[in-house]
Structures are given as C-alpha cells and as structure tokens.
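This briefing is arranged by topic, from the overall fold to individual residues. Please read it alongside the sequence and the structure shown here.

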Amino acid sequence: MKFPLLLLDANIVIYLHELRIWESFITQCMVTITQAVAKESDYWEDENGFHSPIELDSDIRTGKIDCIDVPLAIVEAFLKKYGPVYLERLDPGEAESLAFLFHSKDKWLFTSADEIVFKVLGAAGRFEQGISLEEILQKIGLSRPGLKVQFTKQFRLNTAKKGQFDGITDFEGGK
C-alpha cells in the first residue's frame, strides 16, 4: 500500500532528486503536487554544482504523480484568511498547496523544508497535517542518515510550535 494523500513542496521534490531517490519515493507514495510546485521544481544541483533538469511531465502524464490545478478563488480565500501574518514569506507553491490542503475535506499531509509552512500549519491548528521528509522516509523504508536539518522531524516540531504560539497570540486564522 502506498503512503496516501501526500502533498510535496518544491524543495522536497528537488531534494529527493538530489538524494537520487525520487523514483523509489514515488513508487511508495501517492504524491500530489500543485501546478506552482511543478513550475518551481525545475532543476537540482549535484555536489559539483552541476544543474540537472527535473522532468516531472512524464511522471504526471503516466500517472506516477498527480498534479492539481488549484482554482485561484481558493488560493485568494486562503491568503485573505490566513495570509496577513505570513503572506510575504509564502512562495506560490506553498500558498497554492496550503490553500488546497485547507480547502480539502480529506486529511492530506504536507511536507516541506520551509519554516513558514510548518508555522502556518501550527498557527492554524493543523499541526497534524505537517510531516517531515525524515518521517516519511522512515515510514517507507528509505531512511537516509545526515539529512539537512530542515528535512527532519525535529525541525518540523520546533517550527510548528512557534506557529502554534503565533496562533494563540496574533494569528487570525488560528482561532
């Protein structure tokens, strides 16, 4: 059984390519990305600084991953309700993914390496819908030692707690 209902941010797509485990990952997870994330996931850089293009079109076309188009109205509603505190720090892929997640009735999980994502989830009382890449890799048997800190469970927990504090103090959407 594949790991279900999983939204990826562009930094995760890129890092999985850098780790050279993208193909293994998408065979074990039901991966969904937004159009903006697909556009942001254009290349990865190897240890020598060489840029390799990321070709997601064939994975989308063959159904290995899903790419969703989030209606602009849903993104705008999300930004109006949840964006004022964090708006300037959300990139288009994060905003689109979070808007989809918050709009959906299903219990999606969203993974990113950006602090802002986990802060928004914590502030909005959706702490449980964030997951680190480290946690996913452990669950599917692809653990890697020495992951960069922003891909770890501890990073997710620490930043989500900061967001929860924001939700208590001044984050309009967290009430």
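Counting contacts in the protein chain between residues at least 6 apart in sequence, 67% join residues at least 24 apart. The model is predicted. The protein chain contains 9 helices and 6 strands, and 52% of its 175 residues count as buried.

**Overall dimensions**

- Along the principal axes, the C-alpha atoms of the protein chain occupy a box of roughly 45 × 35 × 35 Å.
- The radius of gyration of the protein chain is 16 Å, which agrees with the value near 16 Å that a compact globule of 175 residues would have.

**Packing of H5 against H6**

- Helix H5 spans residues 72-82, and helix H6 spans residues 92-103.
- The axes of H5 and H6 are 9 Å apart and pack at an angle of about 90°.
- Angles of 65 to 115 degrees count as roughly perpendicular, so H5 is roughly perpendicular to H6.
- On the H5 side, the contact is formed by Ile74, Val75, Phe78, Leu79 and Tyr82.
- These residues meet Ala95, Glu96, Leu98, Ala99, Phe102 and His103 in H6.
- By class, the residues of the contact of H5 with H6 comprise 9 nonpolar, 1 polar and 1 charged.

**Packing of H6 against H7**

- Helix H7 covers residues 115-123, and its axis comes within 11 Å of that of H6, with a crossing of roughly 25°.
- Angles under 35 degrees count as roughly parallel, and H6 and H7 are therefore roughly parallel to each other.
- The crossing of H6 and H7 is right-handed.
- From H6, Glu94, Leu98, Leu101 and Phe102 meet Ile116, Val117, Val120 and Leu121 of H7.
- The residues of this contact of H6 with H7 divide into 7 nonpolar, no polar and 1 charged.
- Leu98 and Phe102 of H6 appear in the contact with H5 and also in the contact with H7.

**Burial of H7 and the residue after it**

- H7 is mostly covered, with 8 of its 9 residues buried.
- The buried residues of H7 are Ile116, Val117, Phe118, Lys119, Val120, Leu121, Gly122 and Ala123.
- Ile116, Val117, Val120 and Leu121 are thus buried as well as being the H7 residues that meet H6.
- Glycine 125, just after H7, adopts a positive phi of about 75°.

**Positive phi in residues other than glycine**

- Leucine 5 has a phi near 45°, a positive value in a residue other than glycine.
- Leucine 5 belongs to strand S1, residues 3-8.
- The relative accessible area of leucine 5 is 30%, and this residue is therefore partly exposed.
- Arginine 20 likewise has a positive phi, near 60°, in a residue other than glycine.
- The loop between helix H1 (10-18) and helix H2 (22-28) holds arginine 20.
- Arginine 20 counts as exposed because its relative accessibility is 51%, where the cut-off for exposed is over 50%.

**Leucine 72**

- Leucine 72 is located in helix H5.
- With a relative accessible area of 59%, leucine 72 is exposed.
- Leucine 72 and serine 52 are 20 residues apart along the chain, and their C-alpha atoms are separated by 31 Å.

Note on methods
Residues are numbered from 1 along each chain as its sequence is written. This is a predicted model: local features need pLDDT of at least 70, side-chain atom pairs count only at pLDDT 80 or more; totals for chains, interfaces and linings use all residues. Side-chain values use heavy atoms; hydrogens and water are left out. Axes are lines fitted to C-alpha atoms, for helices over the stretch in contact, and angles run from 0 to 180 degrees between N-to-C directions. Helices (H or I, at least four residues) and strands (E, at least two) are DSSP runs, numbered from the N terminus. Angles under 35 degrees count as roughly parallel, over 145 as roughly antiparallel, 65 to 115 as roughly perpendicular and the rest as oblique. A crossing is left-handed if the near helix is turned anticlockwise from the far one by less than a right angle, and right-handed if clockwise. Contact means heavy atoms within 4.5 Å. Ala, Val, Leu, Ile, Met, Phe, Trp, Tyr, Cys and Pro count as nonpolar, Asp, Glu, Lys and Arg as charged, and the others, Gly among them, as polar. The radius of gyration is taken over C-alpha atoms; the globule rule is 2.2 Å times the number of residues to the power 0.38. Buried means under 20% relative accessible area, exposed over 50%, partly exposed in between (1.4 Å probe, protein chains only).
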